[in-house]
Amino acid sequence: CCGYRTFTRPAGGTMQLCPVCAWEDTPSEAEYTDSNEVNLIPAQRHFLSTRACEDEYLSVVRPPLPEEARSEHWRSFDELRLQIIADIEREFHDVKRDGGATLHQMRWVDGGHPPDSEEMRKAEREDPEATWQEIPATKLSQFSRSLIFLDDQGFLFYLPAFMRHGLVTCFPNITYADLDGVLWNLETGINSSYRSTSFALLSHAQKQTAASFVFL
């Protein structure tokens, strides 16, 4: 939560209680435990403004000791989020669809309809966006699982839109429904047999950006 090196063992479900922010290092987030009353992101924001992850712990926390100093590489979740958003917009800024399947075509792609079918042509007209930056958040939420069915070029075009949508529109209250599709496609990494040809279209910097998104 606070980033200070107060734990006697590496964090990751050790059940240690931080004396600086009062966050308990539980194996999972608040909704699955009886330890922390808030999730990690709002707890971190609260600490940065008040010195404790929750108001009730203000009387028991202490300042960090000199030997507990943060790593120079430590960043808050919000700082990391803004950095990844900037990386997405920079590394994918000029990606074009170039004939790839669209979001409305996804249902017909899954049904095996050929690209030149009337259903596919009609569906394409429902997705007139020339750039991925133009795609409205409401559409991305509606088609949150679309990446699973899109072809390689469609995947490349819509991937940055879905990643930015998760970090701008949904964060920190991201629901699994909004990100299921993008996470399913990214979590297996470049060794995925299902998405190997899609990942081959990504530059090294784009792959790094996608990895940062997953690990945030």
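**Helix packing and cysteines in a predicted model**

Modeller: The protein averages a pLDDT (the predictor's confidence in each residue, from 0 to 100) of 87, and 91% of the residues score at least 70. This is a predicted model: local features need pLDDT of at least 70, side-chain atom pairs count only at pLDDT 80 or more, and totals for chains, interfaces and linings use all residues. Residues are numbered from 1 along each chain as its sequence is written, and side-chain values use heavy atoms, leaving out hydrogens and water.

Biologist: Why are helix 2 and helix 9 called roughly antiparallel?

Modeller: The axes of helix 2 (residues 77-91) and helix 9 (residues 204-215) cross at roughly 150 degrees and come within 10 Å. Angles over 145 degrees count as roughly antiparallel, so helix 2 and helix 9 earn that label.

Biologist: Which residues of helix 2 and helix 9 meet?

Modeller: Contact means heavy atoms within 4.5 Å. Ile84, Asp87, Ile88 and Glu91 in helix 2 meet Ala205, Gln206, Thr209, Ser212 and Phe213 in helix 9. That contact divides into 4 nonpolar, 3 polar and 2 charged residues.

Biologist: Which elements have the lowest and highest mean pLDDT?

Modeller: Helix 7 (residues 176-186) has the lowest, 72, and helix 2 the highest, 95.

Biologist: Why is Cys21 not bonded to its closest cysteine sulfur?

Modeller: A disulfide needs two cysteine sulfur atoms within 2.5 Å. The sulfur of Cys21 is 3.6 Å from that of Cys18, the closest, so it is too far for a bond.

Biologist: What makes Cys1 too far for a bond?

Modeller: Its closest cysteine sulfur, in Cys21, is 4.0 Å away. The whole structure has 0 disulfides.

Methods. Axes fitted to C-alpha atoms, helices over the stretch in contact; angles between N-to-C directions. Helix = DSSP H or I, 4+ residues; strand = E, 2+ residues; numbered from the N terminus. Parallel < 35°, antiparallel > 145°, perpendicular 65-115°, else oblique. Nonpolar A, V, L, I, M, F, W, Y, C, P; charged D, E, K, R; others polar.
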